[in-house]
Structure formats: structure tokens, C-alpha cells
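Let's take a walk through this model, starting with a backbone oddity and ending in the interior. Have the structure open as you read.

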Amino acid sequence: MNSEEEFYDAETGLESDDSCEVSFKDACVYESKQTVNGKVPSENGVWERRTTLPAPMFSRNDFSVWGFLKKCIGMELSKITMPIVFNEPLSFLQRITEYMEHTYLIHKACTLSDSIERMQLVAAFAISAVASQWDRTGKPFNPLLGETFELTRDEEGYRMISEQVSHHPPISAFYTESLNQDFSFHGSIYPKLKFWGKSVEAEPKGTMTLELSKHREAYTWTNPMCCVHNVILGKLWIEQYGTVEIVNHSTGDKCVLNFKPCGMFGKELHRVEGHIQDKSKKKHQVIYGKWTECVYSIEPKVYEVNKKAEKKSGGDSKKHKQEQSTGGDDADEMPDVQETVTMIPGSTLLWRVAPRPPHSTQMYNFTNFAMTLNELEPGMIGVIAPTDCRLRPDIRAMENGDIDTASQEKERLEEKQRAARRERAKDEEEWSARWFQQGNNRYTGAADWIYKGGYFDRRYSDLPDIY
């Protein structure tokens with residue numbers, strides 16, 4: 001759900017053929033800095049990205065979730081029409097872009113001469129890519145076929161283009177390149193979601209590929225499973241779980257990460273643990289932490305000694321937890337978040353999450369990075385492709401707090417997409433993606449979508465009219 005991750009908005013309504021303690025309990029207050037339509041005015045001629053949305057999120061209290069979802073049990077949600085009440089004002093293509101929030105980890109990896117040290121940072125980058133999903137229980141809008149999103153961050157040294165390349169199944173492809181040609185990061189994502197009565201589970205099909213040109217290295221991995229609990233009753237909460245295997249195809253090094261399910265007593269909630277091994281399977285480093293907080297690395301021997309000491313001093317903690325635990329048939333109660341990650345002496349901090357803005361809870365639990373993604377900056381109109389997500393009227397209306405208009409526009413765009421599909425079928429014309437083409441991942445051999453190039457040449461005259 002990465003996308004990972006989360007409710008993925010189905011092709012809605014289409015014919016039946018998505019100490020390092022950090023607190024996420026954000027205060028419901030706005031920053032004192034004055035904004036205009038959510039934007040911070042330019043200072044001394046320098047544009048500042050916005051720090052809030054134009055309007056706070058609407059209340060979902062009057063909507064019967066169960067009335068809608070009871071007919072969806074066991075079904076794949078890409079086949080179901082999803083009401084706009086489930087959404088957050090971003091397209092899934094924009095949500096993918098949140099992988100790049102911690103690009104500094106890639107830049108740092110490029111500067112290191114040791115392959116194990118580089119793998120540590122690549123592992124931290126893979127973990128950090130799902131951090132923004134915590135508390136993000138709204139689903140992004142499903143991209144229309146042919147929809148695109150570009151993101152250029154000069155100060156972070158990269159630019160990124162993504163495109164919705166397939167309708168059934170819904171596939172999003174992306175390509176990121178360093179402005180200094182230091183790296184490229186690309187992949188295609190097909191999240192399969194199912195509703196299981198109390199929860200929605202997402203299987204993140206698709207491969208992430210990171211290439212470090214200076215070191216002539218390529219790393220591949222897939223994202224962990226994601227589950228959104230209590231979609232019917234109780235407080236929504238998210239867990240990531242499953243094994244993520246990062247492979248360095250140049251050296252044979254491998255990092256195996258275990259995203260742990262919360263377990264019966266919640267002790268493992270958010271925890272990630274794994275190790276880095278070379279091609280002879282010798283363990284070099286242990287990785288540990290939480291995907292919501294921070295990640296450390298440490299030598300395996302030191303880690304094992306610490307774990308043994310921890311078990312000896314554990315005493316009756318499990319029994320105590322069991323006595324505290326309360327069952328419930330009505331909701332999957334989120335366990336109390338245990339103590340934050342305890343740093344083992346001798347560990348190296350690889351990554352730490354940035355705190356969310358103080359008004360995040362009123363803004364769909366967005367991070368600072370997410371808050372900027374749908375912003376139309378000065379000079380963008382006429383430069384970005386007419387298929388860019390920022391130009392979608394339903395997302396724009398929702399962001400501005402006009403839910404009725406957003407819902408009407410969403411229905412209009414869906415009908416326009418259905419009509420275009422009927423027209424292609426009548427003419428026996430197959431859809432062809434503009435910026436990506438089907439192929440195989442050169443490192444894994446798996447099916448993938450490969451960037452053809454040319455997007456930033458700005459030749460957009462023959463793009464489809466999707467809005």
C-alpha cells in the first residue's frame with residue numbers, strides 16, 4: 001500500500017469487466033504563521049512551499065461505513081466503487097512520490113566506499129518509504145488512465161515522473177533521476193486490496209529498483225504488506241508486516257528485513273528487525289527500530305548479547321501484559337504503543353522520522369512533505385503536462401473543502417473515462433502508455449514498466465484529454 005499501503009481507490013464506478021521519541025498525537029491547532037489559501041507568501045522574492053492545506057478535512061461521522069462495506073467482504077477493492085468520503089486529497093501517483101521524502105539517505109549512500117555501509121542506508125531508505133503511512137487512513141484518489149504527476153526538487157537534487165499505465169489491473173509506474181546523474185529510482189506498483197470484515201489488507205505487488213551510478217550498483221526490493229484495522233468500528237490504525245528482501249545485484253550483498261505484526265499483546269507493533277549479509281551469507285550488521293520512528297544498525301555479536309540479557313531481565317513482563325490485555329469482538333483495538341526504540345550502546349543511527357506538523361490531524365494526518373504535493377506553484381500552469389494530478393478538479397475541490405463539487409467532479413471524470421474506453425473498444429484501439437512501456441526488470445527478470453524518456457522535453461500536444 002506503496003504504496004504501498006492503505007486504501008487504494010479502485011477504478012471507481014467503471015464497468016465490471018487502492019532516545020528517539022516522536023509523537024504523532026498532533027495538537028489540533030494551526031501554526032501561527034499567516035497563510036493565504038494554505039500557502040506561505042514569498043519572502044524577499046523567494047517562494048516558500050505551503051505548510052497547510054487550504055481547508056481542514058471534513059467529518060466522516062455522518063457516513064455509514066458498514067452500510068457500504070458489508071457487501072464487499074472477501075472482494076478485491078479494485079472492482080468496487082468507493083465513495084469520496086473514504087478519500088484524502090491526493091492521487092495515488094502523488095502518494096508514490098512520498099517515497100522520496102528521505103532522499104538524503106540515497107545521496108549519503110552515494111558518498112560511501114563500503115558496500116555494507118551503502119546497504120545500511122538503502123535499507124533505511126526502504127523503511128522510511130512507508131513511514132508516512134502511519135495514521136494515514138484516507139485513501140488516495142485512483143489515478144485516471146493516462147494521468148501523470150511530476151515532482152522536481154532542485155534543493156534535494158532529483159526529479160520524478162509517474163504515470164497511470166494500466167486500468168485493469170490498476171498499475172502506476174514511476175521514474176526518479178538525480179539531477180547530477182548519481183542515482184535513479186524506479187518501479188511499478190499494483191496494490192491488491194481485500195476487505196475482511198474488520199480490516200482492509202493490501203498486498204503491494206511491484207518491484208522497487210534503486211541504481212547508484214557511481215558504484216555501478218542496483219538494489220531491488222518489494223514493500224511489506226499493510227493492514228488498516230477497524231474500518232467498520234473503533235479507531236482506525238495501520239500495521240505493516242512481512243519480509244522485505246533487498247538485494248544488491250552487483251555485490252551479492254543482501255538485507256533481510258522483518259516488519260513484525262503487532263502480535264497478541266502489541267509488543268512488536270511497528271517494529272522492524274533484520275540483518276545484512278554478504279554473498280557468502282556472513283552476517284555483517286543487524287538493523288533494528290520502528291518504521292514509525294527510527295532505525296539503527298549494530299554488529300551482530302553485540303546485538304545477540306543484548307538480546308540475551310534482555311530475555312534474562314524480562315521476568316514476568318509477558319504475564320503482566322496478558323493481565324492488562326482486554327479482548328473485544330467489536331473492534332481490533334490498537335495496542336498501547338510500547339516504549340520507543342531503546343538504543344543499544346554501540347549502535348549507529350541510520351534514520352529518524354521528522355515530526356508531523358502540529359495541525360496534521362486536521363489535515364488528513366499529512367506530513368509536511370505530503371502537504372506540498374498538490375500545490376500549484378507560480379509558473380506551473382502551462383509547464384506541467386495537462387494530465388498532471390494537480391489539475392484534477394475533484395482533488396482540487398476536496399482540498400478546498402468543497403465536498404459536494406468534489407463528488408460531482410469525481411463522477412464526471414469516471415463517466416468521461418468510461419466513455420473513452422467504450423470509444424476505444426468500438427474502434428478496436430488499445431490503450432498505449434505515453435512515457436512508459438512494458439518490459440522486464442533487467443535485474444530480477446520480473447514484469448515491469450520501463451521509462452521511455454522524453455517527459456521533460458515538454459512536448460505535450462498529443463496527450464489525452466482526461467479531465
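Start at Arg 458, which is partly exposed at 31% relative accessibility. Keep in mind that this is a predicted model. You'll find Arg 458 in the segment after strand 20 (447-451), and its backbone is worth a look: phi is positive, about 65°, although the residue is not a glycine.

Glu 428 also has a positive phi without being a glycine, here about 55°. It sits in the loop between helix 9 (403-426) and strand 19 (436-440). With 74% relative accessibility, Glu 428 counts as exposed, because the cut-off for that label is over 50%.

One more backbone feature is in the loop between strand 6 (158-166) and strand 7 (171-178), where Pro 169 is placed. The peptide bond leading into Pro 169 from His 168 is cis, its omega near 0°.

Now head inside. In soluble globular proteins, nonpolar side chains tend to be buried together. Here the largest nonpolar core has 75 residues, and the members touching the most others are Ile 127, Phe 185, Leu 210, Trp 221, Ile 246 and Leu 257. Helix 4 (residues 115-128) is the top contributor to this core, giving nine residues. Another core lies apart from that one; it has 16 residues, including Ile 161, Tyr 175, Trp 449 and Leu 463.

Which residues does Phe 185 touch, leaving out those up to four places away in sequence? Aromatic partners come up repeatedly: Tyr 99, Phe 125, Phe 174, Tyr 175 and Trp 221 are among them. Phe 185 also touches Met 100, Thr 176, Met 208, Thr 209 and Leu 210.

Key:
Residues numbered from 1 in each chain as written. Predicted model: local features only at pLDDT ≥ 70, side-chain atom pairs only at ≥ 80, totals over all residues. Heavy atoms only, no water. Core = buried A, V, L, I, M, F, W, Y, C linked by side-chain atoms within 4.5 Å. Buried < 20%, exposed > 50% of the residue type's maximum accessible area, 1.4 Å probe, protein only. Helix = DSSP H or I, 4+ residues; strand = E, 2+ residues; numbered from the N terminus. Contact = heavy atoms within 4.5 Å.
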